[in-house]
Amino acid sequence: MASRLRVLVIGGVACGPKTASRLKRLLPDADVTMIEKGAIVSYGACGLPYYVEGLFPDVNMLTETPVGVSRTPIFFEKAKGFRVLTRTEALRIDSRGKTIRVRDLDTHGENDMPYDKLVIATGGSPLRPPIDGIDLNNVWYVRELQDAASLVESIGKLGLRKAVLIGAGYINMEMAEALVKKGLDVTVVEMFDQIMPQFLDPDMAMLVQKHLQAKGVRLALGEAVTAVTGNGKVESIKTDKQAIPADLAIVAVGVRPNDRLARDAGLLCAPKGGIVINSYCQTSDPHIYAGGDCVVNHYVHPITGAPLYVPLGSTANKHGRTIANHIAGLTSPFCGITGTGVCKVFDFTVGRTGMSERLAQELNLDVETAVWSGPDMPHYLPGSKPLIIKMVASKRYRKLLGVQIVGMGDGSKRLDVAASAIFFGATLDQIGAIDLGYAPPYSPPIDPLATTAHVLLNKMNGIAKGIPPLAAKQIMDQQKDVILLDVRTPKEYDEMRLPDDRVVHIPLGALRERIQDLPKDRDILAFCKVSMRGYEAQRILNAAGFERVWFIEGGLVAWPFNVWTKN
């Protein structure tokens with residue numbers, strides 16, 4: 001009689017439980033054991049900021065199934081059929097003998113556990129910057145349940161009110177909202193000159209920055225933290241430009257893959273960190289698999305194919321399914337990621353998939369971009385909200401390379417369509433032709449994503465002469481005689497306008513009659529609220545012999561700088 005397949009899984013947060021659960025469904029007779037260094041397994045770490053905000057009462061709800069059953073070791077044994085050993089640390093891997101040395105952290109006893117297949121799902125650890133005072137009390141890294149629980153408890157018991165968030169990535173964008181809504185004074189410090197520098201292009205980041213500041217968040221951008229000061233506990237955060245009073249700090253400056261076990265075992269790892277895997281999540285030892293935040297993910301794109309480290313729970317779960325399938329004999333490879341991410345920043349949805357313009361430029365790709373703004377559903381519905389979409393495409397292949405979305409409207413569904421289009425290598429023409437669902441409560445007749453694709457196609461075809469907001473601002477700063485043509489209605493102009501003396505207001509309906517008021521020997525930048533009328537003004541002027549005309553993409557809705565308002 002053949003012996004049962006022995007599978008050991010190291011790590012019990014995302015990839016590990018997914019692997020073990022899937023594998024037991026595929027191979028019910030397999031002997032599967034999952035070990036976890038911590039005391040808690042299978043929790044939703046991405047929900048921690050929302051617990052801090054107070055959207056649900058008990059942090060342990062992040063360990064529960066949708067019907068409220070706690071995912072404890074007993075749950076996994078009874079419901080899923082595999083054994084879970086918590087407070088158990090994997091010390092080293094003997095790949096030749098196919099054993100791992102483990103230590104019980106309660107009894108300190110050690111023993112060897114044999115395996116036929118091994119899965120490394122050790123995750124990642126928050127980067128601890130080499131800053132003086134970083135180990136003072138009231139400095140948090142919000143990665144685990146106890147981190148969030150102690151933060152909430154300390155805010156309540158100690159009356160903490162001045163928070164400085166070090167790093168402006170996903171976690172601290174969500175934490176900024178959570179702490180402001182708890183009544184705290186919040187400052188975000190980022191060494192780069194924009195928020196979310198690895199995620200958004202500067203023009204899109206500036207729009208989110210305006211929203212953060214409107215919600216009361218102070219931003220210290222382009223400042224490097226040099227020290228955390230205080231007498232036993234945080235009292236201030238020093239940067240290379242100022243000292244910021246603080247009684248708590250949250251550090252979120254990145255994640256380092258936990259690849260020590262793999263490195264010590266001689267498995268191939270990337271020079272900058274992360275276990276190298278193939279498309280089936282096998283390491284350089286075919287009997288050892290790895291997935292989740294401890295590996296280097298694969299950025300799958302028809303042009304680049306470059307590896308990229310993107311630690312996300314969604315990717316970890318995909319890895320777990322791929323690993324279980326391959327162990328069970330199903331050849332279904334992990335197809336990679338397009339770098340899709342989304343987060344909520346107060347009233348804004350902020351998302352990106354595929355390449356940013358900055359990354360495309362770093363890779364010397366010949367790309368064209370377009371910025372579109374408009375409502376996520378027809379304007380006459382009370383729930384209509386604005387969106388700004390930036391699209392990046394290959395000039396040569398006319399394929400979509402990346403999309404960024406910010407705004408109060410429903411950006412997540414447009415982001416998901418864009419991610420699917422990039423995954424399948426869609427062209428701009430195909431995106432514009434996708435048969436997306438339409439009804440007024442959900443979308444305009446032509447979906448915003450399709451409209452953005454149309455704008456970009458018009459630019460590539462030489463019909464639309466759009467100019468991005470940052471490029472328009474550069475022209476405004478460099479050319480004193482540029483004309484800023486505002487083609488909105490008088491009512492719109494009275495309520496909001498660009499604070500610039502060079503603005504010439506001619507409503508679009510009057511442009512043909514007043515075309516002689518404009519000179520042909522000066523640059524003209526046309527715009528309106530979202531620049532649909534700005535584009536039409538460009539076409540009207542082109543037809544009348546004006547060659548030096550462009551429209552400012554996205555209009556005033558996507559303008560990342562200050563505007564004057566009547567109120």
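**Figure 1. Asn172 and the backbone oxygens of Ile166 and Gly167.** In this predicted model, a polar atom of the Asn172 side chain lies 3.1 Å from the backbone oxygen of Ile166. The same side chain reaches a second backbone oxygen, that of Gly167, at 2.8 Å. Asn172 belongs to helix H5, which spans residues 170–181. Asn172 counts as buried, because its relative accessibility is 0% and the limit for a buried residue is under 20%. Leaving out residues up to four places away in sequence, Asn172 touches Leu165, Ile166, Gly167, Ile250 and Ala252.

**Figure 2. Gly11 in the loop between strand E1 and helix H1.** Gly11 is placed in the loop that follows strand E1 (6–10) and precedes helix H1 (15–26). With a relative accessibility of 5%, Gly11 counts as buried. When neighbours within four places in sequence are set aside, Gly11 is in contact with Gly16, Pro17, Met34, Ile35, Glu36 and Ala121. The C-alpha atoms of Gly11 and Lys37 are 7.3 Å apart in space, while the two residues are 26 residues apart in sequence. Lys37 is also part of a network of salt bridges, together with Glu89, Arg101, Arg103, Glu110 and Asp112.

**Figure 3. Two nonpolar cores and the surroundings of Leu248.** The largest nonpolar core has 47 residues. Leu179, Leu248 and Val350 are the residues with the most contacts inside this core. Leu248 touches, among others, Trp140, Leu151, Ile155, Leu160, Val164, Leu179, Leu184 and Val234, not counting residues up to four places away in sequence. The residues touched by Leu248 also include Asn138 and Lys162. A second, separate core has 46 residues, including Phe75, Val102, Ile288 and Tyr289. In soluble globular proteins, nonpolar side chains tend to be buried together.

**Figure 4. The salt bridge between Asp203 and Lys390.** The side chains of Asp203 and Lys390 meet in a salt bridge, with 3.2 Å from N to O. This pair links distant parts of the chain, 187 residues apart. Asp203 lies in helix H6 (residues 202–214), and Lys390 lies in strand E24 (residues 386–394). Are these two residues buried or exposed? Asp203 is buried, with a relative accessible area of 7%. Lys390 is likewise buried, with a relative accessible area of 2%.

**Figure 5. Salt bridges of Asp135 and Asp523.** In the whole model, the count comes to 31 salt bridges. One of the pairs shown here is formed by Asp135 and Arg128, whose closest N and O atoms are 2.4 Å apart. Asp135 is exposed, with a relative accessible area of 60%, whereas Arg128 is partly exposed, with a relative accessible area of 48%. Another salt bridge joins Asp523 to Arg548, with the closest N and O atoms 2.8 Å apart. Asp523 lies in the loop between helix H15 (508–511) and strand E30 (524–527), and Arg548 lies in the loop between helix H16 (532–543) and strand E31 (549–552), so the pair ties together parts that are 25 residues apart in sequence. Asp523 counts as buried at 10% relative accessibility, and Arg548 counts as partly exposed at 35%.

**Figure 6. The open sheet of five strands and helix H16.** Five strands with parallel pairing form an open sheet in the order E26-E31-E30-E27-E29. Strand E26 (466–467) and strand E29 (503–505) stand at the edges with a single partner strand each, so one side of each has no neighbour in the sheet. Strand E27 (residues 483–486) is joined to E29 by three bridges. Within this pairing, Val504 in E29 is the bridge partner of Leu485. Helix H16 lies across E27, E30 and E31, and runs at about 175° to E31.

**Figure 7. The open sheet of three strands.** Strands E13, E14 and E15 form an open sheet in the order E13-E14-E15, with antiparallel pairing. Why does one side of E13 and of E15 lack a neighbour in the sheet? Strand E13 (225–229) and strand E15 (243–245) stand at the edges, and one side of each is free because each has a single partner strand. On average, neighbouring strands of this sheet are turned by 20° against each other, direction ignored. Three bridges join E14 (residues 236–239) to E15, and Ile237 stands opposite Ile244 in E15.

Terms used
Residues are numbered from 1 along each chain as its sequence is written. This is a predicted model: local features need pLDDT of at least 70, side-chain atom pairs count only at pLDDT 80 or more; totals for chains, interfaces and linings use all residues. Side-chain values use heavy atoms; hydrogens and water are left out. Two strands pair if DSSP finds at least two bridges between them. Helices (H or I, at least four residues) and strands (E, at least two) are DSSP runs, numbered from the N terminus. Axes are lines fitted to C-alpha atoms, for helices over the stretch in contact, and angles run from 0 to 180 degrees between N-to-C directions. A nonpolar core is a set of buried Ala, Val, Leu, Ile, Met, Phe, Trp, Tyr and Cys residues joined through side-chain atoms within 4.5 Å. Buried means under 20% relative accessible area, exposed over 50%, partly exposed in between (1.4 Å probe, protein chains only). Contact means heavy atoms within 4.5 Å. A salt bridge is a side-chain nitrogen of Lys or Arg within 4 Å of a carboxyl oxygen of Asp or Glu. A polar contact is a pair of N or O atoms within 3.5 Å; within protein, one must be able to donate a hydrogen and the other to accept it, and residues adjacent in sequence count only if both atoms are side-chain atoms.
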